[in-house]
Amino acid sequence: MNDTAGPIMPPYHLTYADAEITDIPAFLAAVHTTAGNLGAHTRIICINADRVAGRLHITTALAHACRTWFTDKNPIARSFEMEVLLWVAAGRQTSVAARFGAQKGTMPLWVVVVAAEESPTAEIARLPGLTLYPAPPATAEEMGAEKQARLMQDFSISEAELSTVGLKRLPELVAERVALSAVYR
């Protein structure tokens, strides 16, 4: 059944950070505690910026995850956070989706805060190992050769397909793969 009003999309905040994570379980526990401090329904998803095609990729995945979780009520994952990562990965396997989340080591992160009752910036800044940017740096949307190759492999994008649309439209191709993954659910 089509919902003409559209899917429920709670308010969200998207920020960019550099992360130095030494202990994943401790980091995820701190993320969970921080989400609770921001409100009973707040969820925080940390996405490895090196594995995604920028803002468009993340917002597309978030919209699909919200539709699946809040409107259709037929998610694959047991948690909203993992449901978002499944959509980011355009897949059904949590082991694959987990690679798109925060990992041990140094990496740039997109931090998505969904349904916070107040501004999340101060709380997010207190997470261990994170250094927030006031605004995403220009490099946040860059597609170096290594990232391009990884995205093409992860999302089954051929050289022919990329040469047809051009490198500047790689984020759109990835967002398309995210949307098409609904067919396989």
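## Questions on one protein chain

Me: Where is the place of Ala125?
Reply: This is a predicted model, so local features need pLDDT of at least 70 and side-chain atom pairs count only at pLDDT 80 or more, while totals for chains, interfaces and linings use all residues. Residues are numbered from 1 along each chain as its sequence is written, and side-chain values use heavy atoms, leaving out hydrogens and water. Helices (H or I, at least four residues) and strands (E, at least two) are DSSP runs, numbered from the N terminus. Ala125 sits within residues 121-125, in helix 5.

Me: Does Ala125 count as buried, exposed or partly exposed?
Reply: Use relative accessible area, computed with a 1.4 Å probe on protein chains only: buried is under 20%, exposed is over 50%, and partly exposed is in between. Ala125 has 41% relative accessibility. That makes Ala125 partly exposed.

Me: Which residues does Ala125 touch, not counting those up to four places away in sequence?
Reply: Contact means heavy atoms within 4.5 Å. With residues up to four places away left out, Ala125 touches Leu130 and Leu132.
Sequence distance is a separate matter. Ala125 and Ala17 are 108 residues apart in sequence, yet their C-alpha atoms are 9.0 Å apart in space. So the names asked for are Leu130 and Leu132.

Me: How far apart in space are Arg55 and Pro136, C-alpha to C-alpha?
Reply: Arg55 lies in helix 2 and is partly exposed, at 35% relative accessibility. Leaving aside neighbours within four places in sequence, Arg55 is in contact with Leu14, Trp110, Pro136 and Glu141. Arg55 and Pro136 are 81 residues apart in sequence, but in space their C-alpha distance is 9.8 Å.

Me: In the protein chain, among contacts between residues at least 6 apart in sequence, what share joins residues at least 24 apart?
Reply: The pair Arg55 and Pro136 is 81 residues apart in sequence. Now take the contacts in the protein chain between residues at least 6 apart. The share that joins residues at least 24 apart is 72%.

Me: In what order do the elements of the protein chain run from the N terminus?
Reply: There are eight helices and four strands to place. From the N terminus on, they run β-α-β-α-α-α-β-α-β-α-α-α.

Me: What is the radius of gyration of the protein chain?
Reply: This value is taken over C-alpha atoms, and the globule rule is 2.2 Å times the number of residues to the power 0.38. For 185 residues the rule gives 16 Å, and the chain comes close to that, so it is as compact as a globular protein of that length. Its C-alpha trace spans about 45 × 40 × 30 Å along the principal axes. The radius of gyration is 16 Å.

Me: What percentage of the residues in the protein chain is buried?
Reply: One buried residue is Thr15, at 9% relative accessible area. Thr15 lies in strand 1 (residues 12-21) and touches residues including Leu109, Trp110 and Val111. Over the 185 residues of the chain, the buried share is 42%.

Me: Which elements are among those that cover the buried residues of helix 8?
Reply: Helix 8 spans residues 170-180. Its buried residues are Leu170, Pro171, Leu173, Val174, Ala175, Arg177 and Val178. Their cover includes helix 2 (55-72), helix 3 (80-89), helix 6 (145-154) and helix 7 (159-165).

Me: How many disulfides does a search of the whole structure find, and why?
Reply: A disulfide is a pair of cysteine sulfur atoms within 2.5 Å. The sulfur of Cys46 is 16 Å from the closest cysteine sulfur, in Cys66, which is too far for a bond. Cys46 is buried at 8% relative accessible area, and Cys66 is buried at 1%. The number of disulfides found is zero.

Me: What is the phi of Lys73?
Reply: Lys73 is in the loop between helix 2 and helix 3. At 61% relative accessibility, Lys73 is exposed. Lys73 is not a glycine, yet its phi is positive, at about 55°.

Me: What is the phi of Ser156?
Reply: Ser156 lies in the loop between helix 6 and helix 7. Ser156 is exposed, at 58% relative accessibility. Although Ser156 is not a glycine, its phi is positive, at about 50°.
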